[in-house]
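Got the viewer open? Let's take a short tour, one selection at a time.

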There are 2 protein chains.
Amino acid sequence: MNGAESLVRTLAAGGVDVCFANPGTSEMHFVAALDRVPGVRCVLSLFEGGATGAADGYARMAGKPAATLTHLGTGLTNSLANVHNARKAQTPMVNIVGDHATYHLRYESPLKSDLDALAKPMSDWFGRAEAAQEVGPKAAEAIAAAQRDAGKIATLVLPADASWGEGGTVGTTLARTVRAAADAKAIAQAIDALKGGNALLLLGGEALRAQPIEIAAAIAAKFGAEIAAQSRDPRIERGAGRVPIKRLPNMTDAAVTALRETRSVILIGAKLPVANFAHPGKPSLFAPEGCRIVELATGQHDLAATLDALAEEVGAKADPAARLALKRPGLAEGEFSPEKLAQSLAALLPENAIICDEAVTSGRPMYGALAASAPHDYLALTGGAIGIGLPLAAGAAIACPDRKVVLLQADGSGLYTVQSLWTHANEQLDIVTIVFANNRYAILRNELKNVGITNPGDNAIRMLSFDKPRMDWVSLARGFGVPAERATSMESFNKALEAAFSQKGPALIEVAL
Amino acid sequence: MNGAESLVRTLAAGGVDVCFANPGTSEMHFVAALDRVPGVRCVLSLFEGGATGAADGYARMAGKPAATLTHLGTGLTNSLANVHNARKAQTPMVNIVGDHATYHLRYESPLKSDLDALAKPMSDWFGRAEAAQEVGPKAAEAIAAAQRDAGKIATLVLPADASWGEGGTVGTTLARTVRAAADAKAIAQAIDALKGGNALLLLGGEALRAQPIEIAAAIAAKFGAEIAAQSRDPRIERGAGRVPIKRLPNMTDAAVTALRETRSVILIGAKLPVANFAHPGKPSLFAPEGCRIVELATGQHDLAATLDALAEEVGAKADPAARLALKRPGLAEGEFSPEKLAQSLAALLPENAIICDEAVTSGRPMYGALAASAPHDYLALTGGAIGIGLPLAAGAAIACPDRKVVLLQADGSGLYTVQSLWTHANEQLDIVTIVFANNRYAILRNELKNVGITNPGDNAIRMLSFDKPRMDWVSLARGFGVPAERATSMESFNKALEAAFSQKGPALIEVAL
């Protein structure tokens, strides 16, 4: 058995059965091994960021890592923006990066770069298989490393000769460590904070499933406290039949206002809330001075068990009456507004959909408007590196083939990984992509104001606009093989959305704002 | 003056008057400064690799660096594949990377990553301006560093507070160091090698302008030696009226065959010829065992002056009779073949065109077929990281607005930075893009054979194909605002090419192979 085959067999044995790939020369034996070994589904991406973004979406929904396959240092760098997002989401991921044959690395060949130095800053675990014998065992290590805590980024470099060399063995992946609830001391501190009044239970990660949210809400109710999601969350289970949870705003002014009266923030899988960016004269920290921060549980803990333990300690019980009843608004009509688009989506959303949100400015009313619509999962941009929407949706659709995926996509962000539309078509994924086409980096225009520039000149406006010419998303989508329509009013949007929801397979709606 | 303004002024004063930008939040003051300070033209890219690839094309033709502007660690990583290509081309480049405000970096904000660690492996010079006062002087250092030797990659990190802070001063860029010819000892070694017989003068970098090629050919003629370009060259001046130079093949078997009888290789701005990739049972080095390698001159030297000195030493004189007469073939007809496409391009090529070649497998006959066509510059993929063609053409067109740019683009490679088509449209660049649409990674199918896999299965074929669905390049181009036609035979190709050459502005021809 060569190294490549031992890798595929180790992945399959370790439960990693999907590989998002953008292969190159050094990965040809791996590609060939996919034919000999059953059990790993390979999905082609036409750009590396499409592979890592899809692996993120897959793992968020499947609850286990996918593999990615990229080529050398430069293929790796193309993949890293979405590795960053995955890392901030605490997504488990196994990245396989093909490299030159070990003995060829001494030469300055055209594609040689410092692959290891480029990979390490974005990896929680890094390994290199120096020979075929090492491939299986190191791959098993990588799979285990990816599943440490809530989830980690594991990167394994696979030199071509380790791949084609004989002597490979299948590695055995150790079972995932069972995570414990937070300890009694941390729980006591949380209770103390709750008793102090004006407390906020800030949830992140796996605390944002329906069941732990319900428990958290029950605890909060007992103390007149509040609950919130930290915003930029990998996955929130919500909608009708579930207890609602608001998100902490992620823009500084709104977040500071939201926390003005908060006396303590109890972090349950959430990070200390800080500004995305510093702005002149504004604070980095959202919580007011003197606010107590209690880190009750992190990705190292079982967050649901932690909330259960806390609930038991304080005698809080889930209250089914807190669950929202289904409440669908009517369809909105007339000219576009973000609020109307959100209203129509809330009216039509299919049961059990997966919403991927990279809508940036245009998507702001969405989260609120969908609160009591059909039950759904809400997946957000966790690391702020734009260009995740189209890949994330692809990965989620592959993890959950029986659920409709709805992608809320800003136009500027969507362009970074626009090639993933082809993967939607190639795999015939059940994804409806809604592109909010304002032909500008609207968020940056806001940021100009945030840093005190209220009257930008021509050059600045030109750097923040792409309306000359206007992008034609219907042509782009069709170019990649995805059926598409342009909506110019709420009526045509409603019609296109109903049509897209009534059938399976990829579709794109350009909302011409 | 704030730091951002001092940066723009320092760039302009240092002769860096074009900036290829994909800005984000942390760069808003730089963007605003572009309005206050004249002298730096800013070109928007919708993906970071488009910015760095364009800066490469610009510098290859302008002979001086452009700046790029990207956003944080993840914007930087998106830019690095084309930085790699530029570095292998010895292109001068000044990369400005916006970062968080210095005091915000202590927090784990969503977009924080280890920017410095990601930038350093791809940079020859790296700096970080910690305050507004440092921005101008460090930028001047970066500009000087970019122009060391043939050209270097200089990366300057610009924290947001260094950008918005007051106290900026304009930095003074030291004049570029005059490079000397190789010394007498190296020249003596080269002469010794030439006298030994069967020598090859292998040229790279600036040795591939028309004048030094002519001198090198005269030297070679004197000794019955040969000249060749190293292949994967940043820029070769060639065509009618110039002395021809062949390229060393870059596939192992052909290169080894070409060098079989070579007794010595004299490197003049070229690197030791090595395989792109190792293959089982094939050598890494192209030159036969025992072949003498003389490194006559590198990017640290004045290559033209080195060849002049060598010519004088051996009494070689340029021979105008060695220059090729213009020889245009007739238009090819009938079904497509790479040779026929090359023939028709040779028939129609405008005077003084710039050819950017990322055609990979479909482009192989191009270089040979164009040898005696109209004079032109030939720009190749230097670092093997695909996704440079569309940006490279954009940069070349901005450097040389009076010359027609012809981009030979493989479809698979073109997709990596397909967003650059919009920059072609936005800037109305005079670029004719010819997409060779075979809907597969043809080079990887060859590579499968190279590593001994002659009968790939379905999974392997699926990982190397994107014909389900077929990409529609005409739709893609129109989506980005570039007029496009599909050619299905040589007749329609000829017609589309004549039409594209008869007018200014961007156009795309999909060759439906």
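Start by selecting strand 13 of chain A, residues 353-358. Six of its six residues are buried, so to speak of this strand as mostly covered is fair, by the count of 20 or more other C-beta atoms within 10 Å of a residue's own. Keep in mind that this is a predicted model.

Now show the side chains on that strand. Ala353(A), Ile355(A) and Asp357(A) point one way, while Ile354(A), Cys356(A) and Glu358(A) point the other way. Both sets are buried.

Which strands does strand 13 of chain A pair with? Add strand 14 of chain A, residues 376-380: five bridges join it to strand 13, and the two run parallel. To find your place, look for Ala353(A), which stands opposite His376(A). Next, add strand 15 of chain A, residues 405-410, also parallel to strand 13 and joined to it by five bridges. Here the pair to pick out is Cys356(A) and Leu407(A), which stand opposite each other.

Time to hop over to chain B. Select Lys246(B), in strand 10 (residues 246-247) of chain B. Is it buried or partly exposed? Lys246(B) counts as partly exposed because it has 14 C-beta neighbours inside 10 Å. Then draw a C-alpha to C-alpha distance from Lys246(B) to Pro375(B): the two are 15 Å apart in space and 129 residues apart in sequence.

Last stop, the place where the chains meet. Select the 84 residues of chain B in contact with 84 residues of chain A. Helix 4 of chain B, residues 72-88, supplies the largest share of chain B's side, with seven residues. Colour that side by residue type and you'll get 47 nonpolar, 24 polar and 13 charged.

Terms used: Residues numbered from 1 in each chain as written. Chains lettered and ligands numbered in written order. Predicted model: local features only at pLDDT ≥ 70, side-chain atom pairs only at ≥ 80, totals over all residues. Contact = placed C-beta atoms within 7 Å. Helix = DSSP H or I, 4+ residues; strand = E, 2+ residues; numbered from the N terminus. Nonpolar A, V, L, I, M, F, W, Y, C, P; charged D, E, K, R; others polar. Buried ≥ 20, exposed ≤ 12 C-beta atoms within 10 Å, placed from the backbone. Pairing = 2+ DSSP bridges.
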